[in-house]
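The exercises below go from the overall fold to single residues. Work each one on the model before reading its solution.

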Amino acid sequence: MDKKFYITTPIYYTSGDWHIGHCYTTIICDAIARFKRMEGMDVFFLTGTDEHGQKIEKAAQKAGIETKKFVDEKVEKIKNLWKLLDVKYDKFIRTTDKQHEEIVQKIFKTLYDKGEIYKDSYEGLYCRECEAYWTESQLKDGKCPDCGRPVEKVKEENYFFRLSKYGDRLIKYYEENPNFIQPKSRQNEMINNFIRPNLQDISVSRSSFKWGVPVPFDDKHVIYVWIDALSNYITALGYGTENDSLYKKFWPADVHMVGKEIVRFHTIIWPAILMALDLPLPKQVYGHGWLLIGGEKMSKSKGNTADPLILSGRYGVDSVRYYVLREVPFGSDGEYTLEAFLNRFNTDLANDLGNLASRTTAMIEQYFDGIVPKRGELNELDHSLIDMTNGLYEEVKANIANLQVSNALSNIFKVASRANKYIDETTPWILNKNGDKERLGTVLYNLADTIRVISILLSPFITTAPKQILNSLGIKEVPTLFEGNVECGKLKEGTKVTKCNQLFPRFDIEKELTEVDKLLEQNKMKKEEENNNKKEQITIDDFAKTELKVGKVISCEKVEGADKLLKETVDLGNGDIRTIVSGIAKSYTPEEMVGKKVVIVSNLKPAKLRGIESQGMVLCAVDEKGNPILVSPEKEVNEGSEVR
Ligand code: MSP
């Protein structure tokens with residue numbers, strides 16, 4: 001067995017927020033990486049962020065934040081998300097890492113020097129949103145086939161990669177390596193839809209924006225996203241640097257896990273770049289399907305996303321991990337609904353696993369004072385459970401080798417379900433009533449031993465409950481998958497067992513759906529309110545338009561018929577005396593106001609309030625109850641002093 005294993009997720013764009021669809025790719029990779037580690041393999045699991053490009057530049061501008069700061073904040077967020085979901089990567093690569101940028105430039109230069117990249121002028125149909133050129137025939141109803149927005153005719157000088165010359169070599173590679181593209185159907189799609197019809201050279205630079213890695217010998221251009229992004233899989237290993245031991249050890253990757261929409265880039269462009277660099281090709285690209293909502297891909301612009309933070313906050317991280325790994329047959333699309341999520345929770349986690357663990361440990365506590373009993377003679381019924389449990393590792397292993405994670409989980413839960421049935425068949429409470437302690441001990445030993453095996457095998461997929469179950473069986477560390485640890489009979493007799501309390505309390509689905517609807521509606525309103533209150537950033541010139549001065553209140557009175565308003569006469573120095581109406585009567589009496597130095601917006605257009613012309617505005621802070629608190633100079637200053 002090859003003892004090394006290198007698995008990668010795509011690097012995520014830092015332009016939006018991440019939904020459960022993104023978590024899907026990462027959790028699958030994490031589960032596979034954990035499984036291989038438990039098998040004793042030397043694993044390198046890479047994830048990261050794709051941070052360059054016009055979309056991100058624009059998103060930062062829209063947020064009014066400097067681009068690097070914008071991506072830094074996003075990276076912080078995604079790292080927290082992976083921490084929350086218990087994703088244990090070995091390296092997090094950012095395309096803004098200095099080392100990555102330098103090597104990308106080196107790669108670009110090498111390809112240029114070899115004649116694989118050339119400069120040409122290009123006229124094409126360009127989608128600004130997707131930063132992509134399309135041919136007439138690729139358009140859908142005359143619009144961008146990816147985002148549906150209008151395209152425009154653009155003429156630019158660009159650098160091009162000679163992709164067109166790699167068509168035959170790619171097809172030959174696919175044929176000689178039948179596992180390279182998985183699932184198999186995607187291979188035909190690549191050949192028939194992209195390579196055979198007309199594989200063209202691709203543009204690999206842009207001059208219309210700046211947020212990217214500069215072409216090393218032409219600073220008018222930045223390197224366009226694919227050479228930059230795809231190279232992450234080798235730059236993360238130190239390729240092209242003096243410290244390239246990880247590259248030497250782990251390249252070529254065992255699996256690039258990607259969503260189906262980016263299979264094309266990973267199985268055509270990336271291998272061609274590697275061929276042009278004379279580097280080995282990854283062993284496999286797995287194009288998984290999408291998690292859909294209402295039949296459509298989740299996306300922020302469609303507003304149909306499911307938030308992993310809400311789901312894991314309410315139902316626990318295990319249930320989010322379990323749902324994404326279990327619900328979608330790998331390779332195909334799967335439809336997300338909260339109802340399906342809760343059904344999975346109730347049926348598998350609460351009923352099958354949670355119940356099994358709590359019933360078994362409770363009976364050991366009740367009948368054997370919490371001590372693992374001795375296993376006596378085994379009968380046919382025992383053997384049927386033991387054989388099934390003993391065969392589980394091989395089944396799971398075979399499914400993981402084919403990246404069929406959902407099937408692997410189905411194998412595990414079949415054993416859990418069988419063990420629940422074993423309880424009903426052996427009726428331990430009757431054995432106890434009849435005083436058949438030896439048989440009762442054997443039954444409970446078999447059950448505890450089975451949940452031990454199930455928990456070990458489950459621990460790469462869901463990370464909390466299996467550990468709790470093992471702890472309750474007196475096993476402090478999750479054992480490896482070798483040395484017979486997942487064979488029956490390894491549970492030590494005499495071990496102290498503690499009761500495993502309800503790990504997954506069942507949900508009343510109807511009630512839960514109504515409550516979540518309410519919660520989502522509240523969140524939506526809160527967000528809308530926050531957005532409405534959020535002020536656009538202004539420049540110093542914008543601010544300079546506001547004239548602020550210190551004024552002294554020389555007289556003050558209530559405004560008839562308005563219990564919130566006071567009318568002040570304010571001296572702004574140099575004979576500038578103003579009448580100002582302000583909504584501060586709930587916090588200050590007219591007497592208190594007289595003599596106070598306050599800050600006035602002195603160039604505010606006069607406005608009538610209750611028939612009185614107010615010639616400025618008194619500045620106030622607002623406390624948590626909404627009460628105005630006057631803003632005053634901290635030391636004595638003359639009236640008329642500027643505030644800036
Ligand atoms: N930055 C590129 C990838 C470059 S890799 C060298 C990118 N980023 S992405 O953020 O848009 O998508 C990252 C991954 O998330 C893709 O594999 C994509 O398929 C996956 N998903 C995004 N939405 C998804 C679903 N609704 N369902 C499943 N996976 C989804 O593409």
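**Exercise 1. Establish the strand order of the open sheet with parallel pairing, and find its edges.**

Solution. The model is a predicted one. Step 1: follow the pairings across this sheet of 6 strands, which gives the order β3-β2-β1-β12-β13-β7. Step 2: look for strands that pair on one side only; these are β3 (91–94) and β7 (181–182), the edge strands. Step 3: take the pair β1 and β2. Strand β1 covers residues 4–13 and β2 covers residues 42–50; they run parallel and are joined by 8 bridges. Step 4: pick a bridge within this pair, where Thr-8 has Leu-46 of β2 as its partner.

**Exercise 2. Do the same for the open sheet with antiparallel pairing.**

Solution. Step 1: the 4 strands are arranged in the order β5-β4-β6-β8. Step 2: the strands that pair on one side only are β5 (132–134) and β8 (202–203), so named as edges by the definition of pairing through at least two bridges. Step 3: β4 (residues 117–127) runs antiparallel to β5, and 3 bridges join the two. Step 4: in this pairing, Cys-127 is opposite Ala-132 of β5.

**Exercise 3. Decide whether the protein chain matches the globule rule for 644 residues.**

Solution. Step 1: count the secondary structure elements; the chain has 21 helices and 26 strands. Step 2: compare the radius of gyration, 33 Å, with the 26 Å from the globule rule; the value is well over the rule, so the chain is more spread out than a compact globule. Step 3: set beside this the box filled by the C-alpha atoms, roughly 105 × 75 × 50 Å along the principal axes. Step 4: check burial and contacts. Of the 644 residues, 52% count as buried. Among contacts between residues at least 6 apart in sequence, 73% join residues at least 24 apart.

**Exercise 4. Describe the exposed surface and the charge distribution of the protein chain.**

Solution. Step 1: the chain exposes about 30,900 Å², and carbon and sulfur atoms supply 48% of this area. Step 2: locate the mean position of the 91 positive charges and that of the 96 negative charges; the two points are 1 Å apart.

**Exercise 5. Is Arg-321 buried or exposed, and which residues does Arg-321 touch?**

Solution. Step 1: Arg-321 lies in helix α12 (residues 317–327). Step 2: the relative accessible area of Arg-321 is 0%. The cut-off for buried is under 20%, so Arg-321 is buried. Step 3: leaving out residues up to four places away in sequence, Arg-321 touches residues including Asp-30, Arg-34, Asp-86, Phe-461 and Thr-463.

Note on methods:
Residues numbered from 1 in each chain as written. Predicted model: local features only at pLDDT ≥ 70, side-chain atom pairs only at ≥ 80, totals over all residues. Heavy atoms only, no water. Rg over C-alpha atoms; globule rule 2.2 N^0.38 Å. Buried < 20%, exposed > 50% of the residue type's maximum accessible area, 1.4 Å probe, protein only. Contact = heavy atoms within 4.5 Å. Areas by Shrake-Rupley, 256 points an atom, 1.4 Å probe, with all protein chains shown as cover. Lys, Arg positive; Asp, Glu negative; His and termini not counted. Charge placed at Lys NZ, Arg CZ, Asp CG, Glu CD.
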